[in-house]
Each structure stands twice: as structure tokens, then as C-alpha cells.
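Please open the model in your viewer and keep the selection panel at hand. The tour goes from one selection to the next and says what is found at each stop.

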Amino acid sequence: MTKTILYAACATFLLCQGSASAQPLFHLTLRGSSATTDPNGHIFSGQFTEKTLLNEFALQNGLTNTAGYGVAYHVGGNALGDTIDVINLTNGQPVTSLIGFYFGEDPTLGRPPALRSASGAQQRRIEYIYTSQDPHSLGSALITDYYWLNGDGTTNAEAHFGDMQYLVLPDSLRSTVRVRNAHFTTTGPWNFGP
């Protein structure tokens, strides 16, 4: 088995698994367009947001509403990288990962590390997008991470921004391929009481 196939299989497995929320969860705002074809073969686009992702999750899982669920940017969502997760709003536990950002800095694949500022307050990186639909990457994202540092160099706040392009394959919700292009922003950490 080649490294690429092994990595893809691992990414799919880890994406589909619930993950512990030991790492920070951030509120996520996502705005984008989703293009597909109509029955006559004409390309048309519509908008989608983080609420669209949540509604698709509900439909695929037979839920009649999304009350009690949210969408979060999960730093270190699993061992391969950050994820966009559906979370339980009562306790902050991830329910499932919708999108994984993996293998962007993998030296075994000949990929260099992220660009990091000398202060450590900013980094930019390319990541590959994985979903549960396919064991191969379905797109990519340019992600910028900002860190606000204390005098001793420890992080006291952070924010994550990204531009992503990826495919959504035909499934139980759609009969044609979707090409999605979106920008996301984190707007602060989720906080859950004891």
C-alpha cells in the first residue's frame, strides 16, 4: 500500500470518527457559493453558509431540526489536523467531522512547513480538504492563523481564517457534483459550563 493511499485511508477513518474536544472549539462563520448543473446542463450557483452544512448533516441523519447542534472550527480536531465539526451545544462534544484540513505540511509527501512570522503571531498554510465522501482529497484551503501572545510568549487568544474550494459528490441529498468556494472566519471560542 502506498503512503498516499495509507494517508487517505487514515484521513477518511479519522474524519468519520467522533473526536474528543480537548482542543479548542471556535464559533465559525462561513459564506460561500455552491455551483452545479440543472437538468439541461446549465451551470448555476447558490449561496451556502455554516447553517447549510448543519442542515445537510440533519437531513443525512434523519433529524427534523438542528436544535442542540452547532458548527465549530476544531483546532487539532484529530491527529491529522484541524476540522470543521458538528458539535453538541450542551457539552461541546463533537458529533462528527464534516471537513478535515490535512497533509498540508507533511514532509513525507515533500510538503514544506507553514509560513510563520518571526514573532510566532501569524502563520499561513495550505491544507487539503477531506470529507467522508471519498478517501482522497476533494479540495484545498489557504488558512491563516493569528495568535495574540502574552509577554512570556504563551497564547492568550487566537483566530483562524480560510478560503477553501472543494467538491461535494452526488449522494442521498444531491444527484450532481457541487463545486463549493467559501471563506470562513472564527469569531471566538465556544464556552461550555461545568
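Begin with Lys51, which is exposed, its relative accessible area being 55%, and bear in mind throughout that this model is predicted. Lys51 makes a salt bridge with Glu50, and the closest N and O atoms of the two are 3.8 Å apart.

**The charged pairs**

Keep Glu50 selected and add Arg31, because these two also form a salt bridge, with 2.9 Å between the closest N and O atoms, inside the cut-off of 4 Å. This pair links distant parts of the chain, since Arg31 belongs to strand S1 (residues 25–37) and Glu50 to helix H2 (residues 50–60), with their positions 19 residues apart in sequence. If you colour by accessibility, Glu50 counts as buried at 12%, whereas Arg31 is partly exposed with a relative accessible area of 47%.

Which residue forms a salt bridge with Asp82? Select Arg125, for the closest N and O atoms of Asp82 and Arg125 are 2.8 Å apart. Asp82 lies in strand S4 (residues 81–88) and Arg125 in strand S7 (residues 122–130), so this salt bridge ties together parts of the chain that are 43 residues apart in sequence. Both ends are covered by the rest of the protein in the sense used here, as Asp82 is buried with a relative accessible area of 9%, and Arg125 counts as buried at 8%.

For a further stop, select Glu56, Asp171, Arg174 and Arg180 together, and you will have a network in which these residues are linked by salt bridges. The count of salt bridges in the model comes to nine.

**From charge to ring**

Leave Arg180 on display and add Phe48, because the charged end of Arg180 sits over the ring of Phe48, at 4.4 Å from the ring centre, where the cut-off is 6 Å.

Now show the aromatic side chains, among which the count of pairs comes to ten. Take Tyr102 and Phe103 as one of them: the ring centres are 6.2 Å apart and the planes stand at 75°, so the pair is edge-to-face. Both Tyr102 and Phe103 are buried, and for Phe103 the relative accessible area is 6%. Stay with Phe103 and look at the backbone as well, where phi is near 65°, a positive value in a residue other than glycine. Phe103 is placed in the loop between S5 and strand S6 (115–116).

Which residues do ring pairs link into a cluster? Select Tyr73, Phe101 and Phe184, which are joined in this way. Tyr73 lies in strand S3 (residues 69–78) and is buried, with a relative accessible area of 0%. Tyr73 and Phe184 are 111 residues apart along the chain, and yet their C-alpha atoms are separated by 9.3 Å.

**Back to strand S1**

Return to strand S1 and select Leu25, which lies in that strand and is buried, with a relative accessible area of 6%. If you add Asp85, you can draw a line of 8.9 Å between the C-alpha atoms of Leu25 and Asp85, although the two are 60 residues apart along the chain.

**The largest pocket**

Switch to a surface view and turn to the largest pocket, which holds about 370 Å³ of space. Its lining has 20 residues, and those closest to the centre of the pocket are Gln60, Leu98, Thr131, Ser132 and Gln133, which make a convenient selection for finding the place. To see which elements surround the pocket, show helix H1 (3–16), H2, strand S5 (94–102) and strand S9 (155–168), each of which supplies at least two residues of the lining. How many residues of each class does the lining have? There are nine nonpolar, seven polar and four charged residues.

**The whole chain**

Finally, clear the selections and return to a cartoon of the protein, whose secondary structure comes to two helices and ten strands. Following the chain from the N terminus on, you meet the elements in the order α-β-β-α-β-β-β-β-β-β-β-β. If you colour the model by accessibility once more, the buried residues make up 38% of the 194 residues in the protein.

Terms used. Residues numbered from 1 in each chain as written. Predicted model: local features only at pLDDT ≥ 70, side-chain atom pairs only at ≥ 80, totals over all residues. Heavy atoms only, no water. Salt bridge = Lys/Arg side-chain N within 4 Å of Asp/Glu carboxyl O. Helix = DSSP H or I, 4+ residues; strand = E, 2+ residues; numbered from the N terminus. Buried < 20%, exposed > 50% of the residue type's maximum accessible area, 1.4 Å probe, protein only. 1 Å grid on protein atoms, 1.4 Å probe; cavity = no way out; pocket = protein on both sides within 12 Å on 5 of 7 lines; lining within 4 Å. Points joined across faces, edges and corners; volume = space filled by probe spheres on them. Nonpolar A, V, L, I, M, F, W, Y, C, P; charged D, E, K, R; others polar. Phe/Tyr/Trp six-rings, centres within 6.5 Å; stacked < 30°, edge-to-face > 60°. Lys NZ or Arg CZ within 6 Å of the ring centre and 35° of its normal.
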